[in-house]
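Biologist: I am new to this structure and should like to understand the reasoning behind its description. May I ask you to take me through it step by step?

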Amino acid sequence: MPKPKSFTAWLKTHTDQRNAIGDLARDVSADPDWPSRRGRQGQLDYLEEECGAITEAIETLDRAWDQYEAYRATQVDA
């Protein structure tokens with residue numbers, strides 16, 4: 001069974017979406033400082049503290065993580 005993608009790799013597969021998660025995916029893809037390996041809390045901290053992100057961006061990251069966790073669950077159960 002193939003290993004599930006990391007959150008950042010999974011998110012980058014959504015750059016073609018025309019919604020908030022797609023916007024986040026495009027921003028992450030273009031950000032050389034994105035903390036790929038810092039996990040959910042590290043990425044939330046990065047957006048809030050280092051980028052000064054608006055509330056909607058933080059909420060979008062939370063929604064993306066929820067969708068990612070659902071994706072991972074399907075990979076584990078497959």
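Modeller: Certainly; please keep in mind that this is a predicted model. A suitable starting point is helix α3, in which Gly-42, Gln-43, Leu-44, Tyr-46 and Leu-47 are buried.

Biologist: What makes these residues of α3 count as buried?

Modeller: Buried means under 20% relative accessible area. Gly-42, Gln-43, Leu-44, Tyr-46 and Leu-47 are classed as buried, so each of them falls under that limit.

Biologist: How do you know that the span of α3 agrees with what is expected of a helix?

Modeller: Helix α3 covers residues 39-50, twelve residues, and at 1.5 Å a residue it should span 16 Å. Its end C-alpha atoms are 15 Å apart, which agrees. After α3 comes Gly-52, with a positive phi near 65°.

Biologist: How many aromatic pairs are there?

Modeller: The count comes to seven aromatic pairs, with ring centres within 6.5 Å as the criterion. One of them joins Phe-7 and Tyr-68.

Biologist: Why is the pair of Phe-7 and Tyr-68 called edge-to-face?

Modeller: The ring centres of Phe-7 and Tyr-68 are 5.4 Å apart, within the 6.5 Å limit, so the rings pair. Their planes stand at 80°, and an angle over 60 degrees counts as edge-to-face, therefore the pair bears that name. This pair links distant parts of the chain, since Phe-7 lies in helix α1 (residues 7-12) and Tyr-68 in helix α4 (residues 55-77), 61 residues apart. Both Phe-7 and Tyr-68 are buried.

Biologist: What makes Trp-34 and Tyr-46 an edge-to-face pair?

Modeller: The centres of Trp-34 and Tyr-46 lie 5.7 Å apart, with 90° between the planes. The distance is within 6.5 Å and the angle is over 60 degrees, so the pair is edge-to-face. Trp-34 belongs to the loop between α2 (20-30) and α3, while Tyr-46 is in helix α3, twelve residues away. Trp-34 and Tyr-46 are both buried.

Biologist: Which residues do ring pairs link into a cluster?

Modeller: The cluster consists of Phe-7, Trp-10, Trp-65, Tyr-68 and Tyr-71.

Biologist: What lines the largest pocket?

Modeller: The largest pocket has a volume of about 170 Å³. Its lining includes Asp-23, Leu-24, Trp-34, Leu-47 and Glu-56. The elements giving two or more residues to this lining are α2 and α4, and α2 provides the largest share, five residues. The lining divides into seven nonpolar, one polar and four charged residues.

Notes: Residues are numbered from 1 along each chain as its sequence is written. This is a predicted model: local features need pLDDT of at least 70, side-chain atom pairs count only at pLDDT 80 or more; totals for chains, interfaces and linings use all residues. Side-chain values use heavy atoms; hydrogens and water are left out. Helices (H or I, at least four residues) and strands (E, at least two) are DSSP runs, numbered from the N terminus. The expected span of a helix is 1.5 Å times one less than its number of residues. Buried means under 20% relative accessible area, exposed over 50%, partly exposed in between (1.4 Å probe, protein chains only). Rings of Phe, Tyr and Trp (its six-membered ring) pair if their centres lie within 6.5 Å; planes under 30 degrees apart count as stacked, over 60 as edge-to-face and the rest as tilted. On a 1 Å grid over the protein atoms alone, a cavity is a set of points where a 1.4 Å probe fits but cannot get out, and a pocket is an open set with protein on both sides within 12 Å along at least five of seven lines; lining residues have an atom within 4 Å of a point. Grid points are joined across faces, edges and corners, and a volume is the space filled by probe spheres set on the points. Ala, Val, Leu, Ile, Met, Phe, Trp, Tyr, Cys and Pro count as nonpolar, Asp, Glu, Lys and Arg as charged, and the others, Gly among them, as polar.
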